[in-house]
Amino acid sequence: MKVKSRRTALLAIGALAGSIAIVPAAHGQLSRIHPSVYGSADLDTQDSQFYLLGMYAGLSRLGWSPYLNMNVYRLEYDDNGVNRDLQAFSPTLGLAYAGRRSGFSLGGGYTWSDSDDPGAPGAEGGGSSGLHAAVGAYRTQTGDRPSRTQFLSNYNLGSRYLWTRVRHSIPMGDRMRVGAELVGQGGGKDGSYSNSLKVGPTIEYQWTDNFRTGAVIGYKSTNRTGFDGRENAAYLKLEFSFSPY
């Protein structure tokens, strides 16, 4: 099972890397394609770890346009004293609308997971395979220090698992933004359920026009089937994103 799991993860990462390589080649034919690579590492003080690597490609223009998003993720977690892990590959196709200061997107796809734990605590895309739906929205205010609000949500029908995040930030100087995030997630079926709430301050730094990093240090409260009450922990999340052009 471990060999099969690692083979699935390697194939998914290979498909993602291949897609990233193809996008610049298509740039000459579709000059408005805007690709970006992003990733994160999420750790807490209760032995839960979540790693994600993704690629987004959309058209850089106002109005409606198609987009492709793909990510692979790995979750390591404690299941009532037993260390468990899962890997998943999750591609999404959809439509996005971009305005001058706001926009939103709607998409759908399928999540392939090597695990069948619908209530795995912390799996942003769900803990088992199934169709998923994704929505997103953003809004940037006007003024000398415009605030920015972002909403992201994903629902995995296979595990009946919902993940939702809201972030709000304001600029501090030319390249730094500070703010806060609120994350709620949970679901499951067949006797395996979990839910989690996370809140914490955020910081983001734009190193260049194409590369930025971010961090969150906050508080996390989780409940799961078999837990004796809620489990509370501090968490740290590190992020990056890179847009080649």
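**A guided tour of the chain**

Begin with the whole chain, whose elements run α-β-β-β-β-β-β-β-β-β-β-β-β from the N terminus on. That comes to 1 helix and 12 strands, where helices (H or I, at least four residues) and strands (E, at least two) are DSSP runs, numbered from the N terminus. This is a predicted model, in which local features need pLDDT of at least 70 and side-chain atom pairs count only at pLDDT 80 or more, while totals for chains, interfaces and linings use all residues. Residues are numbered from 1 along each chain as its sequence is written, and side-chain values use heavy atoms, with hydrogens and water left out.

With the full chain still displayed, note that 44% of its 245 residues count as buried (under 20% relative accessible area; exposed is over 50%, partly exposed in between; 1.4 Å probe, protein chains only).

Next, select Phe50, Leu52, Tyr73, Leu75, Tyr77, Leu86, Ala88, Ala120 and Ala123, the 9 residues of the largest nonpolar core. Such a core is a set of buried Ala, Val, Leu, Ile, Met, Phe, Trp, Tyr and Cys residues joined through side-chain atoms within 4.5 Å. Strand E2 (49-59), strand E3 (63-79) and strand E4 (82-98) each give two or more residues to this core, and E3 gives the most, with 3 residues. Another core, of 5 residues, lies apart from it; Met55, Ala57, Val72 and Phe89 are among them.

Centre now on Ala120. Not counting residues up to four places away in sequence, Ala120 touches Leu75, Tyr77, Leu86, Gly127, Tyr161, Ser194 and Arg224, a contact being heavy atoms within 4.5 Å.

Move to Arg74, which is found in strand E3. Is Arg74 buried or exposed? Arg74 is partly exposed, with a relative accessible area of 30%. Beyond four places in sequence, Arg74 touches Gln49, Phe50, Tyr51, Asp85, Leu86 and Gln87. The C-alpha atoms of Arg74 and Gln49 are separated by 8.1 Å, although these residues are 25 apart along the chain.

Finally, turn to the surface and select Trp64, Leu95, Tyr97, Phe104, Leu106, Val135, Phe151, Val166, Leu182, Leu197, Val199 and Tyr219, which form a nonpolar patch. In such a patch, residues have over 30% relative accessible area and no salt bridge (a side-chain nitrogen of Lys or Arg within 4 Å of a carboxyl oxygen of Asp or Glu), and nonpolar side chains (Val, Leu, Ile, Met, Phe, Trp, Tyr) are joined within 5 Å. E4, strand E5 (102-113) and strand E10 (192-206) each supply at least two of its residues. Val135, in strand E6 (residues 130-140), is partly exposed, with a relative accessible area of 33%.

Notes:
Patches are made of residues with over 30% relative accessible area and no salt bridge: like charges are joined within 9 Å, nonpolar side chains (Val, Leu, Ile, Met, Phe, Trp, Tyr) within 5 Å. Accessible areas come from the Shrake-Rupley method with a 1.4 Å probe; for residues, only the protein chains shown count as cover.
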